[in-house]
Amino acid sequence: MPKRKLVPDVIREQDIIAFKPGDMVGAAVKAMAERRVGAVLVIEGSRLMGIFTERDLVTRVVARDLDPKTTPLDQVMTAGPDTLPPDAMAIEALDLMRKHNYRHLPVLRDDTVVGIVSIRDLYAAVHAQLEQEIKERDSFIFGQDYSIGA
């Protein structure tokens, strides 16, 4: 089985949730809750300025008693986040996220955001790959039509 690339194996069609640096934290958090995501990107023009995550909300807004309605994202976002290109392998993203202890990673092609990958996305991709490898192994060992529980 070939190794999975971020695009298209992990990220396919994705609506990017982006805000401007001067937008308020409250608007970003509301969008995160509505879309059930853990991070949004902060973009000016087409340039990635930062990422705002659940962890940023807790450590940089709530823990400091800042008002989400009056605090701009550029004051509390993670500026200049690590990124990977679309052709990076999923394992590269997983290793980078584990090494630096974060759960979301922007994906850029020529300085243009094409998506954001989460640890949950990577887990799903790794899980699917492991299932496929097990099926292929079982088929090789037990014969072409072998399956468990069928």
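Helices (H or I, at least four residues) and strands (E, at least two) are DSSP runs, numbered from the N terminus. Keep that in mind as we walk through this model.

The structure is predicted, so local features need pLDDT of at least 70, side-chain atom pairs count only at pLDDT 80 or more, and totals for chains, interfaces and linings use all residues. Residues are numbered from 1 along each chain as its sequence is written, and side-chain values use heavy atoms, with hydrogens and water left out.

**The sheet**

Let's begin with the strands. Two strands pair if DSSP finds at least two bridges between them. Here four strands form an open sheet with mixed pairing, in the order β1-β2-β3-β4. At its edges lie β1 and β4 (78-79), each pairing on one side only.

Strand β2 (residues 39-44) has partners on both flanks: β1 (residues 18-19) runs parallel to it through two bridges, while β3 (residues 47-53) runs antiparallel through six bridges. Some facing residues are listed here.

| Residue | Residue opposite or bridge partner |
|---|---|
| A18 | L41 in β2 |
| F19 | V42 in β2 |
| V42 | G50 in β3 |

Between β2 and β3 the hairpin has two residues, and G45 takes a positive phi near 70 degrees there. On the other side, β1, helix α2 (residues 25-35) and β2 build a right-handed β-α-β unit. Right-handed means that, with the strands pointing away from the viewer, the path from the first strand over the helix to the second runs clockwise.

**The inside**

Is β2 mostly covered or uncovered? Five of its six residues are buried, so the strand is mostly covered; buried means under 20% relative accessible area, exposed over 50%, and partly exposed in between (1.4 Å probe, protein chains only).

A nonpolar core is a set of buried Ala, Val, Leu, Ile, Met, Phe, Trp, Tyr and Cys residues joined through side-chain atoms within 4.5 Å. The largest one has 14 residues, and those with the most contacts inside it are F19, V25, A28, V40, F52, V61 and L73. At least two residues each come from α2, β2 and α3 (54-62). The most generous element is α2, which gives four residues.

**The outside**

Now look at helix α5 (residues 119-142), where F140 is found. Is F140 buried or exposed? F140 is exposed, because its relative accessible area is 75%.
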